Amino acid sequence: MNTSVNNRAELANLVRRTLDVLRKTDLPLDLPGTHEIKAAQQKLITQLEARILPHLEVTNLPAIIVLGGSSGAGKSTLVNSLVGEEVTEASVLRPTTRTPVAVLHPSDLSSMSSHVLKTFSSYVVSEYALPGIVIVDAPDLDSVEDTNRELSNRLLDSADLWLFVTTAARYGDALAWTVLDLAQSRGLTCGVVLNRVSERALKPVRADLTRRMYSVGLANNPLFIVPDQGPMNGLLPDVTVTEIRAWLKAIAQSRMGNTLVDRTTAATLPILRSDLLNLADAVELQENAIVDLKDKAYEGAQAPIEKLATNISAGRFGQGAPTTAWLSLASTGGPLASLVSGKKPNLFQKRTEGRDNAATLLFDSVLTSAQVALTQGLVASENEISDTWKSDIVDTEQFLEQARTSVDREAIVQGALSEWKQELSRLGKTVPENPWFGHAGNAALIGSAAGGIAGAMKAAAALGMEKSVWDARAHLAKVVRNAMDSLVQAYYEPLAKLDIGDSFILRLRASEFSDYAK
């Protein structure tokens, strides 16, 4: 990989832009594989902000050496012994190390002051520490506490070099080789410290461990043996860690840290590019899942909408009680009898107030039928949406709860019918004048006819209101459809609030890394 100043500056800029899009990417839907993708996303963020970017931005940044391993391996004692003083707590109680301890020399403090490592570890500055090296005592990889394991893995993603500490009794554990294989795949230089080895077990254990390291491609990685000291407190004898300390000094003095990060970066970038593409795929999967849920919400309202549209077109809101009310009001002696007979009101019958009130009473029965039908349609839509969402692969319970909370069914119904009544009032003022009704009576008759009362339709036609009746019926269909749309929108809103990210930008960043991944 080209590591010229200009190239490093360009790569640093790309890393910062990639971190920005990674932090803005969220996967809120619990789809299959989401947990693994989120873990990979966090790994990318940690690798970029803790391992790659600092070395690109700061010349001669100290190399970060993480000591990791299983519980009871003696990591903290080894760290203390390498430094030459007790800088991190060691104990037989496990897990001892909860907050990672980063030990650094005073000369390296300024360059590490803004490093992301400081956000999740405790800095210990010691004159005895090795300049150019930051030694980190990590939590146990096999800790029973999730937080400890997550911290340990995050440190692994931050490391320039990793020392895996194990014992003669534990080196064959599957965890050790899983983590070593993971570290190697990330381009990390890995050293292995075999701690607490008895003289009797030294030869066979070393031979077996060497063979295992060779089989997994770690033949060229350093292996250090620390003899068993028996029950003890405090530091290991200096002679037992001389070889490890000399190796670390060589790294610091030769500024191998820059070489290590170049190697790690070169190995990481192709994987990083692949992980960015995988994350883009996951974002698109979430986007498609949201579209699918919206489609199901829309489709859930279609059958009730079509049923309402059919009932409006067929004039079914005028059947039953509204028709009975018409027969009563328009029969002989009723306030609307003269309208049916066509006999114009005489001088003493000119007042329209009584007939307007009668027409309004008739319309109220139609309005009640429309209110019941629309309410039933909304309930049917909600039930259909709920059933289809509950059967979806996505856990939609929180979205359903948010939608149910936001839906005011009564307000939707009243809003729709109020809008219809306003349109009827407008129509009542535009029809030709007649001796039977004022504007209010005209509006009520038009609404009753539009609802489907046969007698009212004949009377409205006789008064030249036929077109207004069809306009009123069309408007009723419109407000009913809008009401159902308002319901569906309530189910859209929790989904619209989800900020998933931008799959296109993720793919763009991946393509930009291709120039550096060669």
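# Exercises on a predicted protein model

The protein chain contains 18 helices and seven strands. The structure is a predicted model, and each exercise below is followed by a worked solution.

## Exercise 1: The overall form

Work out why the protein chain counts as more spread out than a compact globule, and describe its extent.

Solution. Begin with the radius of gyration, which is 39 Å for the protein chain, and set beside it the 24 Å that the globule rule gives for 518 residues; the value for the chain is well over that of the rule, so the chain is more spread out than a compact globule. Next, turn to the principal axes, along which the C-alpha trace spans about 125 × 50 × 40 Å. Then consider the surface: the protein chain exposes about 24,000 Å², and carbon and sulfur atoms supply 52% of this area. Finally, look at the inside, where buried residues make up 50% of the 518 residues.

## Exercise 2: Contacts and charges

Find what share of the contacts between residues at least 6 apart in sequence join residues at least 24 apart, and state how far apart the mean positions of the positive and negative charges are.

Solution. For the contacts, take those between residues at least 6 apart in sequence; of these, 75% join residues that are at least 24 apart. For the charges, count 51 positive and 59 negative ones in the protein chain, and note that their mean positions are 4 Å apart.

## Exercise 3: Strand E5 and its partners

Describe how the side chains of strand E5 are arranged, and trace its pairing with strands E1 and E6.

Solution. The general idea comes first: in a regular strand the side chains alternate between the two faces of the sheet. In E5, Leu161, Leu163, Val165 and Thr167 point one way, while Trp162, Phe164 and Thr166 point the other way. The second step is to ask about cover, and here seven of the seven residues in E5 (residues 161-167) are buried.

The third step is the pairing. Strand E1 (residues 63-69) runs parallel to E5 and is joined to it by five bridges, with tryptophan 162 in E5 as the bridge partner of valine 66. Strand E6 (residues 189-197) also pairs with E5 in the parallel sense, over seven bridges. Here tryptophan 162 has cysteine 190 in E6 as its bridge partner, and valine 165 stands opposite valine 193 in E6.

## Exercise 4: From E6 to E7

Follow the pairing onward from E6 to strand E7, and examine arginine 196 in E6.

Solution. Start with the cover of E6, in which eight of the nine residues are buried. Four bridges join E6 to strand E7 (residues 223-227), and the two strands run parallel; valine 192 stands opposite leucine 223 in E7. Arginine 196, which is found in strand E6, has a relative accessibility of 36% and therefore counts as partly exposed. Its backbone deserves a separate remark, since arginine 196 has a positive phi of about 60° although it is not a glycine.

## Exercise 5: Strand E2 between two senses

In which sense does E2 pair with strand E3, and in which sense with strand E4?

Solution. Take E3 (residues 122-125) to begin with: four bridges join it to E2, and the two run parallel, with alanine 102 opposite tyrosine 123 in E3. Now take E4 (residues 133-137), which pairs with E2 in the antiparallel sense over three bridges; the bridge partner of valine 101 is aspartate 137 in E4. To complete the picture of E2 (residues 101-104), note that Val101 and Val103 point one way and Ala102 and Leu104 the other way, and that all are buried.

## Exercise 6: Two residues compared

Is glycine 69 buried or exposed, and is isoleucine 393 buried or exposed?

Solution. Glycine 69 lies in strand E1, and because its relative accessibility is 0%, it counts as buried. Leaving aside neighbours within four places in sequence, glycine 69 is in contact with Lys75, Pro139, Asp140, Leu141, Phe164 and Val165.

Isoleucine 393 is placed in the loop between helix H12 (353-390) and helix H13 (397-406). Its relative accessibility is 60%, so isoleucine 393 counts as exposed. With the same neighbours within four places set aside, isoleucine 393 is in contact with Asp30, Leu31 and Pro32.

As a last step, set distance along the chain beside distance in space. The C-alpha atoms of glycine 69 and aspartate 20, which are 49 residues apart along the chain, are separated by 32 Å. The C-alpha atoms of isoleucine 393 and alanine 289, which are 104 residues apart, are separated by 9.0 Å.

Notes
Residues numbered from 1 in each chain as written. Predicted model: local features only at pLDDT ≥ 70, side-chain atom pairs only at ≥ 80, totals over all residues. Heavy atoms only, no water. Rg over C-alpha atoms; globule rule 2.2 N^0.38 Å. Buried < 20%, exposed > 50% of the residue type's maximum accessible area, 1.4 Å probe, protein only. Contact = heavy atoms within 4.5 Å. Areas by Shrake-Rupley, 256 points an atom, 1.4 Å probe, with all protein chains shown as cover. Lys, Arg positive; Asp, Glu negative; His and termini not counted. Charge placed at Lys NZ, Arg CZ, Asp CG, Glu CD. Pairing = 2+ DSSP bridges.
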